[in-house]
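Trainee: Could we go through this model together? I would like to see how each label follows from its cut-off.

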Amino acid sequence: MRPEQPAIDPTVRDEDIATALSALVWTLSDESRATRLLSLTGLDADELRGRAGDPVLLGAVIAFLGGHEPDLTGCAEALDLPPGALVAIGERLSGG
C-alpha cells in the first residue's frame, strides 16, 4: 500500500496540507495506531519523517484513517472538521 506519485489535484491548498499534517500528528499520537500505519503502508519512521510534507503521503494517511471509521471520526473531531471534509482533503492530496 505504498503511496504512488499521481498528479496532484490543482485544487490542493496550503490549508489542505496543514490539515493533513495535523491528521498525521494525530495519527502518530497513539502508538498502536502509528504502528498500524507504518505496517500497512510499508513506510519506516525515517521515510515518514522525510516525506511528511509530501501531499501524496499525506493523502495516504487520510486514506488510512478512512479505512477505520473510529480513527476517521476521532481525527475529524480532534481537528474540528466533518469526517467527509477530511476525506475530501485526502482525495485532493492523493490526486483523485
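Trainee: Why is aspartate 54 called buried or exposed?

Mentor: Buried means under 20% relative accessible area, exposed over 50%, and partly exposed in between, with a 1.4 Å probe and protein chains only. Aspartate 54 has 15% relative accessibility, so this residue counts as buried. The model is predicted: local features need pLDDT of at least 70, side-chain atom pairs count only at pLDDT 80 or more, and totals for chains, interfaces and linings use all residues. Residues are numbered from 1 along each chain as its sequence is written, and side-chain values use heavy atoms, leaving out hydrogens and water.

Trainee: What makes a polar contact with the side chain of aspartate 54?

Mentor: The side chain of arginine 51 does, at 2.8 Å. A polar contact is a pair of N or O atoms within 3.5 Å; within protein, one must be able to donate a hydrogen and the other to accept it, and residues adjacent in sequence count only if both atoms are side-chain atoms.

Trainee: Which residues of α6 are buried?

Mentor: Leu86, Ile89, Gly90, Arg92 and Leu93 are buried in α6. Seen down the axis of α6, the buried residues fall within an arc of 160 degrees, so they line one face of the helix. That arc is taken from the directions from the helix axis to the C-beta atoms.

Trainee: Where does arginine 33 lie relative to tryptophan 26?

Mentor: Over the face of tryptophan 26, at 3.6 Å from the ring centre. The rule asks for NZ of Lys or CZ of Arg within 6 Å of the ring centre and within 35 degrees of the ring normal.

Trainee: And what follows α6?

Mentor: Glycine 95 comes just after α6, with a positive phi of about 80 degrees. Helices (H or I, at least four residues) and strands (E, at least two) are DSSP runs, numbered from the N terminus.
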